[in-house]
Structures are given as structure tokens and as C-alpha cells.
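Student: I am new to this structure. Could you go through it with me and give the reasoning behind each label?

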Amino acid sequence: MLKSFRGDLHVHTCLSPCASNKMLPTVIVKEAIKKNLDLISICDHNSVENVEAVRKAGEKQGLAVIGGVEMTSREEVHILGLFGDEKALWDIQNIIYLNLPGKNDRNAFGEQLIVDEKDNIININERLLIGATGYSVEEIVAAIHDRGGLAIASHIDRESFGILGQLGIIPPALALDALELSAMATGNQEKFRQEYDFPFVTSSDAHYVSDIGKSCTSFFMEKVSIEEIRKALQGKNRRRAIIE
Amino acid sequence: MKLRAVIEEFELTVKCGEDKLDEEVGGGYASDLLSDVLANGKAGDLWVTLQIHENIVAVASMKDLLGIIIINGRQPEEETLEKAGEEGIPIMVSKLSAFELIGRLYGMGISGKR
């Protein structure tokens, strides 16, 4: 039986540089439920260290939480990687940390809080998460796919850190699973869909609590899993992804 | 050379940071990749870029850059100016292209070699 799952696949937490310190697990989950979401994905900049906390907080309230990360390529293009299992998530984390130079400056980019499911601060991430990894977009997409994940180009309608703004084109050989449009693209979605032959999602890229669910996508599928989302993006077996 | 002299020579529009215009220009750096500026920018540098989003302010503040010149007449985002005001980072806009502006800055004695 296919059901509709309203999803926001791009939500940051207090771990992300430039995100609000109020983006705590129970707060995010509460807001997502308030916004009638069934599914969110946590994608902090270059780190997965708050995924587990939000997932646990979501479980308690019946909100599905997919683990992800927003990776920065060496061209400063943002690519979302969504993963179905914990091992893949930490694998990609290790790969990122192997090649992410620099130390954070709290005054410039924020505190980068690592928290537990009850919003307690358990650590501070000292790495320069705002920085770029040494990997090309091609290498990032390949690393995500090698671990069974979905690779989605972030906010392609935005000049800053979007693939079109940074590279000017979507490289023809780049095997992206979808392109993301931000809330700013509302009204222009058709233009992008006509120009680029890819599945599309819309999501909020929320850095602040009230932004959660500002833009989302409805997935018609059997259950929440990476494989089901993949099929929905590809329109397989009657599954669909419909942008709002 | 003071920042004020550069502004007058190239008719730059000062968007914020007016109180820093009497500081000495240490040198120059040009790049549109933030990570590159984080790695190679030096304190006191004037940074020439086309980027207009707020993260340029955080980068300039972290590296103690003297100021940011945005090229091609591009206008910084509102959040960028707000943050730059708070951090006291001068932001200026030039109508020239990067190539033209950097060439002229170099001709004026501002070097990228330090």
C-alpha cells in the first residue's frame, strides 16, 4: 500500500555553522510535527554528529528521521548525502574528516554544538565545518553512491554554494539522484524542471526553527527508507515525489 | 597607502565600515572560493571577490582582512551588510571587473606578494 509522506529532506541542527543554537533535537521534532511533516532528514554541514540524537528524539514522537550530511566540495558546491544505515553515515564522516582542513572560529561561525536526544550539550565540534573538503563534486557523488546513499545537489536555484552558481553547469556525467530547489524558487520551479532533466525535491534548508517545513516534498511510497525514496524520485512502481 | 586613497582612486562605493577607512592596506588577495581565502588570505589584505553572501564577512573577520571589494557592481546581500556592520569590516563595491580592478590596484603599488 502506498502512502503519502510529507518530507523536508534538508534540516540543519545547532551543529551547523551559522545555524541557530535553538535547533535542538526535541525542538526540531516538535516543529516538524507542528508543520505536518512525516519525515525529515538531518543534513549538517560536513558532519553527521547530531543525526542520532534527532533520530532518537523523532522515534519517541513518531517522526521518521533520515541521516544525512551536506558536504562541501572543493569547488564549494553543496551536495546532500542521505543514507539508510549508521555504518554508511559514519563511513562518509570519516572520509570527510580526513580531508577537511582548519579549526572553527566560534565568534565567526558559531559554537557547533553536539547534543543528545534530550538537548543536552555533550560536546563542541572544533573543526572548520563551514570549510570545503578536498573532494570534487564527482568524488563526493561517487563516495555517496559507493555507500548506498542518495546524492542531491543542494539549492540549485541559489547562487551561493549551489552547483549552478559555482560551476555554471551541471556536469553531464554527474550521477545526481535529484536536484533540490529552495523556498526561494517558489514560482520558478517549472523553469528549472524544463531546463534540467532530473528528479526534483524542494526542502527548507532550515537553519532556524521557524524555517522547518517552509518548503517540502510529498513522497508516495510504501514506507520511509532510502530505497523507497529512490524509487519515488525515479517514479518507479507507481511511487512518486511531488514538490510543493 | 590608506584604504581611503584606494576608494577615492577607483570611485568605490562604501557600503559599510566607514570608520576603518584610514587603515593602511597591507596587500591584496583575489578569490571567489571562501576556503581559498581562509587558507591563503593574510591579515591586512584587501579582498577582491564577486561573492555577496554573508559568509564573506565571517571569513574576512577570521583572517583579519582589511576589507572586501565586490566587483562588477554587484550589491552585497542585506545580511552581509548587517554582519559587516557588526564586525566592523569595510565593504566596497567597484563597477570594474575583477581583471581590470586588480590590474589597477597592482599598478597603484598594492601587491599580493608578502
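Student: Which residue forms a salt bridge with A:Arg147?

Tutor: The partner is A:Asp91. Keep in mind that this is a predicted model.

Student: What makes that pair a salt bridge?

Tutor: The closest N and O atoms of A:Arg147 and A:Asp91 are 3.6 Å apart. The cut-off is a Lys or Arg side-chain nitrogen within 4 Å of a carboxyl oxygen of Asp or Glu. So 3.6 Å qualifies.

Student: Why is the pair said to tie parts of the chain together?

Tutor: A:Arg147 lies in the loop between α5 (137-146) and β7 (150-153) of chain A, while A:Asp91 lies in helix α3 (residues 86-98) of chain A. The two parts are 56 residues apart in sequence, so the pair ties them together.

Student: Are these two residues buried, exposed or partly exposed?

Tutor: Buried means under 20% relative accessible area, exposed means over 50%, and partly exposed lies in between. A:Arg147 has 24%, so it is partly exposed. A:Asp91 has 27%, so it is partly exposed too.

Student: How many salt bridges does a search of the whole structure find?

Tutor: It finds 21 over all chains. One of them joins the side chains of A:Glu244 and A:Arg6, at 2.7 Å from N to O.

Student: What does that pair tie together?

Tutor: A:Glu244 lies in the segment after β11 of chain A, and A:Arg6 lies in strand β1 of chain A. These parts are 238 residues apart in sequence, so the pair ties them together. A:Glu244, at 42%, is partly exposed. A:Arg6 has 21% relative accessibility, so it also counts as partly exposed.

Student: How do you know that A:Glu228 and A:Arg239 meet in a salt bridge?

Tutor: Their side chains are 2.6 Å apart, N to O. The limit is 4 Å, so the pair counts. A:Glu228 sits in helix α8 (residues 226-234) of chain A, and A:Arg239 sits in the loop between α8 and β11 of chain A, 11 residues apart.

Student: Why are A:Glu228 and A:Arg239 called buried?

Tutor: A:Glu228 has 7% relative accessibility. A:Arg239 has 8%. Buried means under 20%, so both values fit. Salt bridges with shared partners join A:Glu222, A:Glu228, A:Lys231 and A:Arg239 into one network.

Student: Which residue in the loop between α8 and β11 of chain A has a positive phi?

Tutor: A:Asn237 does, at about 50°, although it is not a glycine. At 52% relative accessibility it is over the 50% cut-off, so A:Asn237 counts as exposed.

Student: Which residue of chain B has a positive phi although it is not a glycine?

Tutor: B:Asn72, with a phi of about 60°. It lies in the loop between β4 (67-70) and α4 of chain B. Its relative accessibility is 46%, so B:Asn72 counts as partly exposed.

Student: Why is strand β10 of chain A called largely enclosed?

Tutor: The strand covers residues 217-221, and 4 of its 5 residues are buried, so the rest of the structure largely encloses it.

Student: Which strands pair with β10(A)?

Tutor: Strand β1 (residues 3-11) of chain A pairs with β10(A) in the antiparallel sense over 5 bridges. Strand β11 (residues 240-243) of chain A pairs with β10(A), also antiparallel, over 4 bridges. Pairing needs at least two bridges, so both counts pass. A:Thr217 in β10(A) stands opposite A:Gly7. In β11(A), the bridge partner of A:Thr217 is A:Ile243.

Student: Why does A:Ser182 count as buried?

Tutor: Its relative accessible area is 5%, which is under 20%, so A:Ser182 is buried. Its place is the loop between β8 (178-181) and α7 (189-195) of chain A. The C-alpha atoms of A:Ser182 and A:Asp205 are separated by 7.1 Å, with their positions 23 residues apart along the chain.

Student: Which residues form the negative surface patch?

Tutor: B:Glu54, B:Glu77, B:Glu78, B:Glu79, B:Glu82, B:Glu86 and B:Glu87.

Student: What makes B:Glu54 and B:Glu86 accessible enough for a patch?

Tutor: Patch residues need over 30% relative accessible area. B:Glu54 has 31%, so it passes and counts as partly exposed. B:Glu86 has 66%, so it passes and counts as exposed. B:Glu54 lies in the loop between β3 (45-49) and α3 (55-62) of chain B, whereas B:Glu86 is in helix α4 (residues 78-87) of chain B.

Key. Residues numbered from 1 in each chain as written. Chains lettered and ligands numbered in written order. Predicted model: local features only at pLDDT ≥ 70, side-chain atom pairs only at ≥ 80, totals over all residues. Heavy atoms only, no water. Patch = residues over 30% accessible without salt bridge, like charges linked within 9 Å, V, L, I, M, F, W, Y side chains within 5 Å. Areas by Shrake-Rupley, 256 points an atom, 1.4 Å probe, with all protein chains shown as cover. Lys, Arg positive; Asp, Glu negative; His and termini not counted. Charge placed at Lys NZ, Arg CZ, Asp CG, Glu CD. Buried < 20%, exposed > 50% of the residue type's maximum accessible area, 1.4 Å probe, protein only.
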